[in-house]
Amino acid sequence: MAELEIPLPAGYRWRIGSAWDRPWVRRGLQATLQESFPEQRHWDHLEKTLDRLFDPPRTPCWWILKEETGEPVGGVWAGVSTDQATHRRVAYVFLLWVDPAHRRRGLGRALMQQVERWGSQQQLAAITLQVYRHNQAALHFYQQAHFAVQGYWLYKPLSSAGSEEHEHEGHEVL
């Protein structure tokens, strides 16, 4: 598996993702969003996001599995986008997830290195992603990985957002 030469700590192994991993991606998206929005209870909108964007190998994903159980403890899902300022093709990280019990072991760094390797192979100019400003741990992680703030994602709720349908649409991330 030459594509996955990025070393992992003992007890973990790589697995290249496929279209069959949609449930894992959905769980990863929900877990990361639940951390940022603990009051949110409904995640059905994630299916629409996956319908639109999840298409391996065009939008690849990679998993880190716990060797003894084979269960995913981390994953990354990426795609190709266009930088609106430079018009260059860039990698866009839709999901970077590491189970809280397995954090601070270098797994997130290995996942990002996998995206870097893939992006370089695709001749992409950069990696882009979105992170919520209150997620200080993620911001610190990305700063350590040499990411720089390129802009700000602004949000202003409208008065009509009080209905349940609009409320859930407003939290769609992808």
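Both faces of strand β2 are covered in this predicted model. On one side lie C61, W63 and L65, and on the other W62, I64 and K66; all of these are buried. The count for β2 is thus 6 buried residues of 6. In a regular strand, side chains alternate between the two faces of the sheet. Strand β2 spans residues 61-66.

The strand is paired on both edges. Strand β1, residues 12-16, runs antiparallel to β2 and is joined to it by 5 bridges. One of the pairs in this ladder is I16 with W62. Strand β3 also runs antiparallel to β2, again through 5 bridges. Here C61 has W77 as its bridge partner, and L65 is matched with P72. The residues of β2 named in these pairs, C61, L65 and W62, are buried.

Strand β3 covers residues 72-82 and is itself mostly covered, with 8 of 11 residues buried. Beyond its bridges to β2, β3 pairs with β4, residues 89-98, in the antiparallel sense. This second pairing comprises 9 bridges. V76 of β3 is the bridge partner of L96 in β4.

Two hairpins link these strands. The hairpin of β2 and β3 has 5 residues between the strands. Within it, G70 adopts a positive phi near 75°. The hairpin of β3 and β4 has 6 residues between its strands. In that turn, H87 has a positive phi of about 65°.

The fold as a whole contains 5 helices and 5 strands. Their order from the N terminus is β-α-α-β-β-β-α-β-α-α. The protein has 174 residues, and 40% of them are buried. Contacts between residues at least 6 apart in sequence were also examined; of these, 62% join residues at least 24 apart. The accessible surface comes to about 10,900 Å². Carbon and sulfur atoms account for 51% of that surface.

Several backbone values in the loops deserve note. Most residues other than glycine have a negative phi, and most peptide bonds are trans. The peptide bond from P56 to P57 is cis, with omega near 5°. P57 sits in the loop between α2, residues 45-53, and β2. R104 is not a glycine, yet its phi is positive, at about 65°. This arginine lies in the loop between β4 and α3, the latter spanning residues 107-121. R104 is exposed, with a relative accessible area of 83%. H146 is another residue other than glycine with a positive phi, near 70°. Its place is the loop between α4, residues 136-144, and α5, residues 164-170. H146 counts as exposed because its relative accessibility is 73%, above the cut-off of 50%.

Pocket analysis returned a largest pocket with a volume of about 1,400 Å³. Its lining consists of 36 residues. Nearest the centre lie L129, Q130, V131, G151 and W153. Strands β3, β4 and β5, the last at residues 127-129, each supply at least two lining residues, as does helix α4. By class, the lining of the largest pocket divides into 19 nonpolar, 13 polar and 4 charged residues.

The second largest pocket holds about 1,100 Å³ of space. It is lined by 36 residues, and L96, A137, A138, F141 and Y142 are the closest to its centre. L96 is the β4 residue that bridges to V76. Elements giving two or more residues to the lining of this pocket are α1, at residues 22-36, along with β4, α3 and α4. The largest share, 7 residues, comes from β4. The lining of the second largest pocket comprises 21 nonpolar, 9 polar and 6 charged residues. Strand β4 and helix α4 thus contribute to the lining of the largest pocket and to that of the second largest pocket.

Technical notes
Residues numbered from 1 in each chain as written. Predicted model: local features only at pLDDT ≥ 70, side-chain atom pairs only at ≥ 80, totals over all residues. Heavy atoms only, no water. Helix = DSSP H or I, 4+ residues; strand = E, 2+ residues; numbered from the N terminus. Buried < 20%, exposed > 50% of the residue type's maximum accessible area, 1.4 Å probe, protein only. Contact = heavy atoms within 4.5 Å. Areas by Shrake-Rupley, 256 points an atom, 1.4 Å probe, with all protein chains shown as cover. Pairing = 2+ DSSP bridges. 1 Å grid on protein atoms, 1.4 Å probe; cavity = no way out; pocket = protein on both sides within 12 Å on 5 of 7 lines; lining within 4 Å. Points joined across faces, edges and corners; volume = space filled by probe spheres on them. Nonpolar A, V, L, I, M, F, W, Y, C, P; charged D, E, K, R; others polar.
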